[in-house]
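The exercises below ask you to read a structure step by step, and each one is followed by a worked solution. Please try each task before reading on.

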Amino acid sequence: MLKVEKVSKKFKKVQAVKNISFEMGTGEIVGILGPNGAGKSTTIKMIAGLLRTTEGDITIDGHMNKSIYAKKKFAYIPEFPEMYDLLSVDEHMRFIAQAYNVDSWEEKMVPYFERFDLLDKRDKLGKELSKGMKQKLSICCGLLTQADLYLFDEPMIGLDPKAIRETKKIMKELKEEGKTILISTHLLDSIEQTCDRVLVMKAGEIIVDSSMDDLKAHHDASLEDIFLEVTEDE
Amino acid sequence: MSDYSILLRLEKMLFINYFKNLIRNPKRMIFYVLYIAFMAWVVVTNLGNFGNSSMAEMTNFRGYFSAGAFIMFFIMSFSMLKQSSLVFKMSDVNLLFPAPMDSRKIMMITLLKKIPTYLLTSAFTLIFILSMIVSMFETTTLAIVMTGIGYTLLFLILEPLSFCIFSISTKLNIEDFRSKLIKWTYMLIGLLILGLIGMEFMTDGFSVQSIVSGIGSKWLHYIPIIGWGKYLVMSAVDGVTTYTYLALAGMSLLYIFIVLLTFYLSNDYYEDVMSMSEERAKLVSDAKQGRTKSLNFHFKKKKVTMEDNTKYAGALDWKRQLLLKRSDFSVYLSMETLLCILIVIGFKFFVEDAAEYSLYFASGIYLYIKFLFSAQTQLDHELKKPFFYLIPDSPMRKIFATVKIDLRRFFINMIAIVLVHVVLNQHFESAYIILPIAMTLFYSMTLFSSYMFNIFLPPEDVARLAVLFKMLQTIVVLLPSFIVLMTIGILTENIFWALAGSSIVNAIISVVFLALSEIMFERLELK
């Protein structure tokens, strides 16, 4: 579904991502871990087509990630959920439904709103929502696209415990539906509970690319201990 | 549904919701109605005041308008071209950019929606200027239309142009060269202006009029964009000539060319506009919380030591002193002091036959500038921070501790103005002794009254309605002081006593505001 091939990203003199490569198959949930500034968000933004790659190619379902075809295939849930100040919750969903050509969007969005307690906020404007509410709306917008690949960039920040639980459940449901998920988060327990595979990034490089089972079998420790061990400065 | 249709529907929803949201907030509506009434009053006053002026008397105004317009467009275009000024909202970045839509269509709709925005902005701005121009100069409807079109075209061109330059430089990986090229171009125009001023000095002598004539020189009209734009904007003042049509044709063709170039370049621009969009989002968020960037000149001294002998509210004074010591000449001497001295020197050399009154003019200008910016002082910045309310001390002491340095610096600057004036002009009056005290008390009153506006409206509205607030402040707070100043002045014909009387009134008003600080704090804390 997703192929990242020898991708690098340089911001002026800073090499944010160094020659990384990985592939994701259909129905896979992959977590990206790494300390601050490791290049996780840059990688996700490059996949979403918001940033150019300095070198390398990214393809989604065999098409270049910036093509309209590829864009129809993925949904991006950003790190900072800035929504339109003057669009209501419902209108955000309407816009997404139009942009991604989603049929019967009103029926599809209700279950998401129920799970994220947004049903009574449907007429609220974007600027009237709290940060947590915006994050919930952002996730709902992403889910409504009915995409095949979901790119979650720190989706749990600002969410209440119930919403975090719902997000994890939804990820598992999406996996069951055969959807592919790439998630960047600092919440290691979320990765541990939901992901099949882990990519650990440090200073722009992937230093670990392993399935969750292999990782635990080799290290015999919690993901937190493994993460701290592999990212520790030498 | 086509991409254009989806994007236009989005804009329609945003447009309708803007008005719905405005109507839902009656307090805002009242202030906006007041603002419109204020604008109408300005327009009517302008038309009335200048109605009987003869053209001959207005000759100098023509020059000042021309020079002022050129300087404004010069600075504005430079600041817009320095970086990609085509910014999107972060909501666009999050929702629109990843969506399966053609990036070129997103760009075209963005440019399209700028047209009514700039038409409205230019109409809004020109209402003030044109009412005055119509009354001062014999102008025509055609000339006014040309002025409006010129003003709008200038804005419409600059945004996509800055995007094109930025986009080309990032695609060719010559970003450093781009910024140098823009600087060199503007330095070249700057040198040209200096040359023209120099020529005026040689022919007409060393005067303000020569500077104005140099900046308003016809040779500058041939510079694309700013020269053409200025010529078009000046149509209402100078009339419509053949060159007006040439400038209009030049600007229109340039706009079409830049739009086409933008379309060609906008196949891959998300990264180029993202950093600016993030920066803008931060600025908007800061402005909503009342945090605005200071335009002051700053040093960056790293190692600064300050004696720590303060407690409670005194900590605010200590913090302010430390920051000033780090960023300015010293705690008490600033760039402002230098500017004050330059104003006095400027009056001495450029304004003839005004030695007697130049001190009052210079002090007046300084105070007026401070008055205009009195809602963006340290006190207003501190009031936005939670720790200000948490410091265990009385509100009065906290407010006084915050403004103490500002008042001292103002007083020192006033003394500098007086001293330089006395030395340069060899002229002294008894009123000069009380002038710094009177001005400082006047300034203290404006400071203590300015932050009150924050109580009534959210910061975003305070910024939008700044002009209205200044008008209300002038009427409510500054008027008593003016009345006393004028009354005593007329009765005694002595500036010293007039200033002394006004100082007493200002001191009383300042004390009243300080005494009310307890109640105001409660309101501010709630907000």
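**Exercise 1.** Which residue stands opposite A:Val198 in strand 9 of chain A? Go on to describe the partners and the surroundings of strand 9 of chain A.

*Solution.* Bear in mind throughout that this is a predicted model.
- Step 1. The residue opposite A:Val198 is A:Gly31.
- Step 2. Strand 3 of chain A, residues 29-33, pairs with strand 9 of chain A in the parallel sense, over 4 bridges.
- Step 3. Strand 9 of chain A is also joined to strand 10 of chain A (residues 205-211), now in the antiparallel sense and through 6 bridges, and A:Val200 has A:Val208 of strand 10 as its bridge partner.
- Step 4. Strands 9 and 10 of chain A form a hairpin with 2 residues between them, and A:Ala203 in this turn has a positive phi of about 50°.
- Step 5. Strand 9 of chain A spans residues 197-202, and because 5 of its 6 residues are buried, the strand is largely enclosed by the rest of the structure.

**Exercise 2.** Which residues of helix 9 of chain A are buried, and against which elements do the buried residues pack?

*Solution.*
- Step 1. In helix 9 of chain A, which covers residues 223-231, the buried residues include A:Leu223, A:Ile226 and A:Phe227.
- Step 2. Around the axis these residues cover an arc of only 100°, and they therefore lie on the same side of helix 9 of chain A.
- Step 3. On the face turned away from the buried side of helix 9 of chain A, one finds the exposed residues A:Glu224, A:Asp225 and A:Glu229.
- Step 4. The packing partners of the buried residues of helix 9 of chain A are strand 3, helix 7 (188-194), strand 9 and helix 8 (212-219) of chain A, so that strand 9, the strand largely enclosed by the rest of the structure, appears here again.

**Exercise 3.** How many residues of helix 1 of chain A are buried?

*Solution.*
- Step 1. For helix 1 of chain A, residues 40-47, the count is 8 of 8, and the helix is mostly covered.
- Step 2. Among these buried residues are A:Lys40 and A:Lys45, together with A:Ile44, A:Met46 and A:Ile47.
- Step 3. After helix 1 of chain A comes A:Gly49, with a positive phi near 85°.

**Exercise 4.** Are A:Asn101 and A:Glu154 buried or partly exposed, and in which loops do A:Asn101 and A:Glu154 lie?

*Solution.*
- Step 1. Most residues other than glycine have a negative phi.
- Step 2. A:Asn101, although not a glycine, has a positive phi of about 55°, and A:Glu154, also not a glycine, has a positive phi of about 45°.
- Step 3. A:Asn101 is placed in the loop between helix 3 and helix 4 (105-115) of chain A, whereas A:Glu154 belongs to the loop between strand 7 (149-153) and helix 6 (161-176) of chain A.
- Step 4. A:Asn101 has 13 other C-beta atoms within 10 Å and is therefore partly exposed, while A:Glu154 counts as buried because it has 20 C-beta neighbours inside 10 Å.

**Exercise 5.** How many residues of chain A are in contact with chain B?

*Solution.*
- Step 1. On chain A, 25 residues are in contact with 25 residues of chain B.
- Step 2. At least two residues of the side of chain A that touches chain B come from helix 2 (68-73), and at least two from helix 3 (89-99); helix 3 of chain A gives the most, with 4 residues.
- Step 3. By type, the residues on this side of chain A are 17 nonpolar, 2 polar and 6 charged.

Terms used:
Residues numbered from 1 in each chain as written. Chains lettered and ligands numbered in written order. Predicted model: local features only at pLDDT ≥ 70, side-chain atom pairs only at ≥ 80, totals over all residues. Buried ≥ 20, exposed ≤ 12 C-beta atoms within 10 Å, placed from the backbone. Pairing = 2+ DSSP bridges. Contact = placed C-beta atoms within 7 Å. Nonpolar A, V, L, I, M, F, W, Y, C, P; charged D, E, K, R; others polar. Arc of directions from axis to C-beta.
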